[in-house]
Amino acid sequence: MNAIVLLAQRELKTYLNTAWGWTVMAGVLLVVGLLFNVFGLTERPRYSAEVLEDFFFYTSGTIIIAGLLLTMRLIAEERQTGTLVVLESAPISAAQVIAGKFLGAWGFLMCIVASTVYMPALIFVNGKVSVAQMAVGYLGLALAGSAAISIGTFASAISKNQLLSAVLGGAMALLIVICWLLSGLTEAPLSDVLAYMALWDKHFQPFMRGRLNTENVVYFGSLSFIFLLGATRALQARRWQ
């Protein structure tokens with residue numbers, strides 16, 4: 001456990017002490033702020049709950065992209081610079097390495113998520129919105145971010161460089177996101193399977209509306225576990241080469 005915590009702290013400090021981490025954070029805040037002003041603060045009268053729902057809608061996509069950008073360097077960069085050999089020769093397991101790196105990246109992503117709270121707070125101050133909807137919506141962002149970090153970690157574990165990691169991670173995330181489109185082009189039972197696999201449509205929308213379903217929490221948790229397990233297996237295979 002100490003090894004995991006130390007690795008997580010190391011990754012978190014890396015994001016805080018390099019321009020890349022702050023660039024991603026600034027990019028997220030800029031995009032979310034612009035979208036909030038364009039689509040949220042309109043002249044047309046709207047219910048506060050609808051404005052909050054839209055906020056979580058476009059913030060979720062931004063957070064998923066940010067998660068993939070943060071993880072493109074997790075393992076691929078260490079492989080490029082040769083520092084991965086140090087981790088592989090250290091008396092820690094591949095699972096501990098992956099867990100530590102995942103927690104560090106996810107922790108920084110949660111700092112980014114937390115920095116957006118002033119926007120729904122403006123809705124809360126100037127309108128009438130449920131605190132429960134805000135809490136459930138942010139839980140959805142945390143779970144979606146966890147899935148994105150896991151996908152990016154797996155892509156980074158099987159890639160030789162950061163660019164390839166970003167491309168693979170983006171392709172895998174996009175495929176899982178558009179599964180809901182593919183489900184409309186197929187018939188049951190395949191359409192039901194594709195609809196359940198979709199990262200956003202079926203599983204994130206309830207969080208936007210303040211509905212907490214165990215099924216959706218399990219989905220995001222399972223997706224994160226599967227990709228982290230794949231990253232662990234990829235790192236273990238490399239140790240035996």
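## Helix α3 and a nonpolar patch

L69 is found in helix α3. Helices here are DSSP runs of H or I, at least four residues long, numbered from the N terminus, as are strands (E, at least two). The model is predicted: local features need pLDDT of at least 70, side-chain atom pairs count only at pLDDT 80 or more, and totals for chains, interfaces and linings use all residues. Residues are numbered from 1 along each chain as its sequence is written, and side-chain values use heavy atoms, with hydrogens and water left out.

L69 counts as partly exposed, because its relative accessibility is 33%. The classes are buried (under 20% relative accessible area), exposed (over 50%) and partly exposed in between, with a 1.4 Å probe and protein chains only. L69 joins W20 and I65 in a nonpolar surface patch of about 260 Å². Patch members have over 30% relative accessible area and no salt bridge; nonpolar side chains (Val, Leu, Ile, Met, Phe, Trp, Tyr) are joined within 5 Å, like charges within 9 Å. Accessible areas come from the Shrake-Rupley method with a 1.4 Å probe; for residues, only the protein chains shown count as cover.

## A buried threonine

T62 also sits in helix α3, which spans residues 48-71. T62 counts as buried because its relative accessibility is 12%. Which residues does T62 contact, leaving aside its neighbours within four places in sequence? They are V28, V31 and V32. Contact means heavy atoms within 4.5 Å.

## One face of helix α7

Helix α7 covers residues 118-126, and M119, P120 and I123 are buried there. Seen down the axis of α7, the buried residues fall within an arc of 95°, so they line one face of the helix. The arc is taken from the directions from the helix axis to the C-beta atoms.

## Aromatic pairs

The whole structure holds 12 aromatic pairs. One of them is F55 with Y58, an edge-to-face pair with 6.2 Å centre to centre and 85° between the planes. Rings of Phe, Tyr and Trp (its six-membered ring) pair if their centres lie within 6.5 Å; planes under 30 degrees apart are stacked, over 60 edge-to-face, and the rest tilted. F55 and Y58 are 3 residues apart in helix α3, so about one helical turn separates them. An α-helix has 3.6 residues a turn, so residues three or four places apart point the same way. F55 is buried at 0% relative accessibility. Y58 is buried at 9%.

In a second edge-to-face pair, the ring centres of Y196 and Y219 are 5.6 Å apart and the planes lie at 85°. This pair links distant parts of the chain: Y196 is in helix α11 (residues 190-197) and Y219 in helix α13 (residues 214-239), 23 residues apart. Y196 is partly exposed, at 33% relative accessible area, whereas Y219 is buried at 5%. Elsewhere, F36, F55, F56, Y58 and Y138 make up one aromatic cluster.

## Salt bridges

How many salt bridges are there? The count is 5. A salt bridge is a side-chain nitrogen of Lys or Arg within 4 Å of a carboxyl oxygen of Asp or Glu. Side chains of opposite charge can pair when their charged atoms come close. One bridge joins K101 and E11, at 2.7 Å from N to O. K101 is in helix α6 (residues 94-114) and E11 in helix α1 (residues 2-17), so the bridge ties together parts that are 90 residues apart in sequence. Both K101 and E11 are buried. With R10 and R73, they are linked in a network of salt bridges.

R209 bridges to E53, with the closest N and O atoms 3.4 Å apart. R209 lies in the loop between α12 (201-208) and α13, and E53 in helix α3, so this pair ties together parts 156 residues apart in sequence. R209 is partly exposed at 36% relative accessibility. E215 and K202 meet in another bridge, at 3.8 Å from N to O. E215 lies in helix α13 and K202 in helix α12, so the tie is between parts 13 residues apart in sequence. E215 is partly exposed at 40% relative accessibility, and K202 is partly exposed at 38%.

## L194 in helix α11

L194 lies in helix α11. Is L194 buried or exposed? L194 is buried, with a relative accessible area of 13%. L194 and I178 are 16 residues apart in sequence, and their C-alpha atoms are 9.0 Å apart in space. Leaving aside neighbours within four places in sequence, L194 contacts C179, W180, L182, S183 and T186.
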